[in-house]
Amino acid sequence: MALVERNEEIAALHAVLGACEDGETPIALITGAAGSGKTELVQTLRRIAHEAGVTVWMSRASAGESTLPLGLVGQLLQSAAQYGADTSAAEALVDRIRAAIGTRAAELTEPLQAQEMHDLRACLDLADRHLPLLFVVDDAHHADATSLQFLLSCISRLRQGRIGFVFAERASLRPEYRMFRSELIRHPNGHNLWPANLSPQGVAQVLAGHFDGALAKRLAPAYHATSGGNPLLVRALIQDHQAARKTGLGGKDQDVVTGDAFVQAVLACLHHSEPATMEVARCLAVLGRADAGLIEHLAGMDVTAVDRHVQELTAIGLLHEDGTPRHRAVGEAVLQDIPPRVRAATHRRAAALLHRDGAVAAVVGRHLRAADSAADITAGAWELPVLEAAAEQALTDDRLEEALGFLDLAVRSATDEEQLARIATGLVAASWRMVPGMASRRFSYRDRLADTELHPGPHVLALIRCLVWYGQLEEAGEALAKVCASPKAPGDVELFITRVWLSGLCPPLLERLPSVSEPETVAAAPVVVHQRLKAVRALSRVLEHGPDQAAYAQAEQLLQSCRLTEKTYEVVEPALSTLIYSDRLDSALHWADSLLRQAAERRSPGWQAVFAGARAEVAVRRGDLSGACDHARMAITYATPDSWGMSLGFPLSSLLLACTAAGRYEDAEKVLQQPVPETIFDSRPGLHYMYARGRYWLATGRLHAALGEFLVCGELMAGWNIDRPAVLPWRTAAAEAYLSLGKRAEARQLCEAQYARLSPGRSRARGMTLRVLAETADKGRREQILAEAIDSLHGSGDRLEHARALAALSRHQQAQGEADRARMTARWAWDMAEECGAHSLSEEIMPGRATARAKGVRPEVPVREGTGVDTLSDAERRVAALAARGLTNRQIATRLCVTISTVEQHLTRVYKKLNVTRRVDLPSGLKFDIADMA
């Protein structure tokens with residue numbers, strides 16, 4: 001690399017050569033940090049000396065020869081021999097002196113004796129035939145003590161002569177070198193050169209020799225920021241950039257590429273520094289920050305020495321002024337250079353020191369993790385609580401990978417069952433949240449708990465609930481039996497919550513638990529325990545008794561008061577299910593979207609999977625088939641089928657129902673091909689799956705298979721005491737199968753039985769029941785029942801069931817000879833079915849209409865010229881919209897809470913404005929939100 005920003009230094013070297021030729025015995029010290037370009041200046045000096053006819057005897061000291069007596073003198077003699085000098089006698093003298101020093105003292109820094117010094121100075125006679133002459137010593141700070149003594153003696157006796165001395169050095173604390181240097185700087189002909197690191201402009205000038213001008217100018221600030229202007233590091237960055245461009249791995253548009261060349265350059269700078277400087281660099285790399293007090297204890301040196309070495313590292317260009325690394329690659333390079341065992345021990349000592357000083361748990365925990373990754377260790381007694389606290393904070397801050405690392409180490413280090421259960425619970429929960437597929441593999445530690453006496457408590461019971469989730473019912477049952485046998489079981493709050501939770505998810509396991517009343521200790525439990533109990537009780541109440549205003553209010557209140565966290569997940573998940581089973585679909589939609597958004601913001605795929613599954617269930621119940629498919633697939637994407645365990649039944653059932661209702665039977669068949677756990681049919685998710693499978697078989701004509709599925713589903717629901725239509729309307733589904741088989745009596749019996757179990761008021765379940773019941777009723781009562789079904793479904797939010805009821809009404813009207821009314825009702829039903837994506841239903845309602853619309857044929861009755869819907873008032877628009885959908889004047893009056901006369905007056909004005917004469921000519925495309933008319 002060409003020398004840049006070194007004009008002053010080169011001028012000074014020219015002056016040294018001139019003084020040498022003039023017989024002034026000049027002395028030059030080139031002082032700089034490692035990598036600053038001292039050696040390049042020495043090489044430049046040799047070149048210009050050669051051009052000026054000045055002989056240069058060159059030597060380079062090394063740390064390995066710093067204890068070899070006269071090692072540097074020996075190198076000078078070898079250099080002299082290269083210029084033709086006869087050095088044999090001088091070399092023999094050096095050998096004799098080395099031998100003498102070795103026999104008279106153990107200290108290799110033993111000074112030369114007077115006679116030895118005199119004899120060595122005689123060697124300068126060799127130089128008489130080579131004047132003018134420069135003695136050049138690179139890395140002089142490594143020179144052995146005897147050579148330094150000899151050179152100093154020569155300098156002090158050569159006040160006049162055509163011999164000069166040039167020493168390239170860096171700061172050193174070696175006493176013999178400090179004494180030598182102090183004598184040099186006192187010399188009257190001394191010159192001191194301090195080559196500084198390059199400025200940003202200097203870096204740009206260097207880059208211009210390798211890149212085009214625009215790129216060099218753009219890269220210069222980043223290169224300077226990374227290297228501190230150290231020429232060696234700048235050159236390394238250029239090499240890495242060029243290598244990256246050749247391999248196509250980067251470097252074209254990136255500001256900085258740090259590769260192997262940069263790493264080696266960093267290490268070269270450190271290895272050419274003092275060992276203590278390397279030690280401080282290692283401590284800095286381990287700590288990640290400059291803290292003189294910590295490094296003092298970590299490296300075993302005083303604060304003053306630490307500060308000096310930090311300054312040296314800053315001068316090299318590895319650190320900013322505040323002591324932080326200029327680039328992460330600096331710390332990584334240093335860490336890679338530390339042997340693993342040494343690195344582990346350093347991290348372990350750093351963790352202990354930081355813990356002693358009250359550092360936050362996350363900082364201490366990172367060092368414990370780093371020690372574990374560098375060597376196979378386990379955490380000690382004080383370290384376990386630190387790791388748990390660090391994991392909890394990491395989960396709160398959404399640093400999930402770091403939290404898993406803390407918990408992994410803590411689990412491996414747990415020494416008793418209580419610790420293991422506590423930490424393992426957190427590990428499974430964190431694994432599910434971040435990498436659901438990994439969570440099921442975290443049960444390897446359960447064998448350590450299997451042979452122990454289990455006591456009830458939040459952590460043990462949480463692990464048991466995990467076993468249930470993953471369908472490991474046998475293991476869960478055995479663990480529950482042990483827990484219930486514990487003398488601490490009666491009155492335990494967590495055991496009571498688990499019992500209520502099991503009643504809704506996996507009722508068969510309740511046989512392993514004794515029947516207990518609510519413990520008296522609930523009042524003293526933490527707030528989140530109260531919330532969990534309220535949530536599971538609200539869900540249990542809806543499952544057992546159907547939609548309940550108190551349960552809905554409780555669930556809504558919990559969702560409003562809880563933000564999604566590790567502690568509240570077991571609150572919001574059952575609360576959301578309560579809204580769904582209560583048929584509060586608008587509220588459920590809002591909270592499902594909110595929780596899904598929170599889970600995404602916290603980068604938690606496991607949570608996203610659960611709430612996407614719930615969102616798919618809401619979409620199915622609202623008749624949003626496309627949304628149901630999208631969210632169900634999203635749920636299975638965020639968490640693989642294996643990681644869903646028994647709960648796989650939730651997203652699969654939503655996907656299967658949506659594909660079936662949309663008429664996409666091939667897609668539905670693929671859903672059925674997805675393997676499910678055998679234990680799924682002992683759970684509520686299994687009921688959903690069975691019901692969805694029955695709907696598919698019913699849609700594809702396998703009537704007996706469908707009927708059997710619905711009846712088994714009902715039998716299980718009755719046995720588990722969750723036989724409510726709002727959960728799964730299995731009776732109406734079975735009734736549809738009976739109707740297809742021509743068994744109206746059996747169908748009517750099931751519909752009437754389901755009607756008797758309905759909660760009061762309009763609801764989705766009531767509308768569905770009435771729709772199917774109407775098919776079993778006499779023709780005289782059919783329209784009345786269907787009208788009531790449509791009225792119930794109108795406010796339920798389920799547009800697909802609404803469309804089915806309208807389609808049934810249209811068929812009845814057609815059978816009664818009311819063609820105009822039937823056509824209007826069919827158009828309304830068809831529009832709804834299309835909006836839902838239920839194309840098989842829309843084709844059944846009006847065959848060929850979808851194809852006609854796709855071809856651009858407008859199937860609706862057009863608005864005649866000279867009229868416009870935009871001329872209608874809001875009141876007229878409301879009446880017209882309802883009339884176009886087939887409602888009678890009385891029904892419209894009831895719906896809008898006006899008199900029949902008012903309806904008639906509005907219709908008269910509507911006919912006139914739209915230039916039509918009868919209802920059938922009203923445009924079905926009247927745009928008005930019917931929900932606003934409720």
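Buried means under 20% relative accessible area, exposed means over 50%, and partly exposed lies in between, computed with a 1.4 Å probe on protein chains only. The views show a predicted model, in which local features need pLDDT of at least 70, side-chain atom pairs count only at pLDDT 80 or more, and totals for chains, interfaces and linings use all residues. Residues are numbered from 1 along each chain as its sequence is written, and side-chain values use heavy atoms, with hydrogens and water left out.

**View A. Salt bridge within helix α41, between E801 and R804.** A salt bridge is a side-chain nitrogen of Lys or Arg within 4 Å of a carboxyl oxygen of Asp or Glu. For E801 and R804 the N to O distance is 2.6 Å. Both residues belong to helix α41 (residues 799–815) and are three residues apart, about one turn of the helix. Helices (H or I, at least four residues) and strands (E, at least two) are DSSP runs, numbered from the N terminus. E801 is buried, at 4% relative accessible area, whereas R804 is partly exposed, at 21%. A network of salt bridges links these two residues with R695, E736 and R771. The model has 48 salt bridges by this rule.

**View B. Salt bridge between R433 and D398.** The closest N and O atoms of the pair are 2.5 Å apart. R433 sits in helix α20 (residues 417–434), and D398 in the loop between α18 (383–396) and α19 (400–413); the pair links distant parts of the chain, 35 residues apart. Both side-chain partners are buried: R433 has a relative accessible area of 1%, and D398 one of 14%.

**View C. Salt bridge between R622 and D586.** The N to O distance here is 2.8 Å. R622 is in helix α30 (residues 605–622) and D586 in helix α29 (residues 585–601), so the bridge ties together parts that are 36 residues apart in sequence. R622 is partly exposed, with a relative accessible area of 23%, and D586 is exposed, with 57%.

**View D. Open five-stranded sheet with parallel pairing.** The strand order is β2-β3-β4-β1-β5. Strands β2 (55–60) and β5 (190–193) are at the edges with a single partner strand each, so one side of each has no neighbour in the sheet. On average, neighbouring strands are turned by 15° against each other, direction ignored. Two strands pair if DSSP finds at least two bridges between them. Six bridges join β2 to the parallel strand β3 (residues 133–138), and M58 has V136 in β3 as its bridge partner. Helix α6 (residues 145–156) lies across β1 (27–31), β3 and β4 (163–169), at about 140° to β4.

**View E. Packing of helices α31 and α33.** Helix α31 (residues 625–638) packs on helix α33 (residues 649–661) at about 150°, with the axes 8 Å apart. Axes are lines fitted to C-alpha atoms, for helices over the stretch in contact, and angles run from 0 to 180 degrees between N-to-C directions. The two helices are therefore roughly antiparallel, a term for angles over 145 degrees; under 35 counts as roughly parallel, 65 to 115 as roughly perpendicular and the rest as oblique. Contact means heavy atoms within 4.5 Å. Residues in contact include L625, A628 and C629 of α31 and P651, L652 and S654 of α33.
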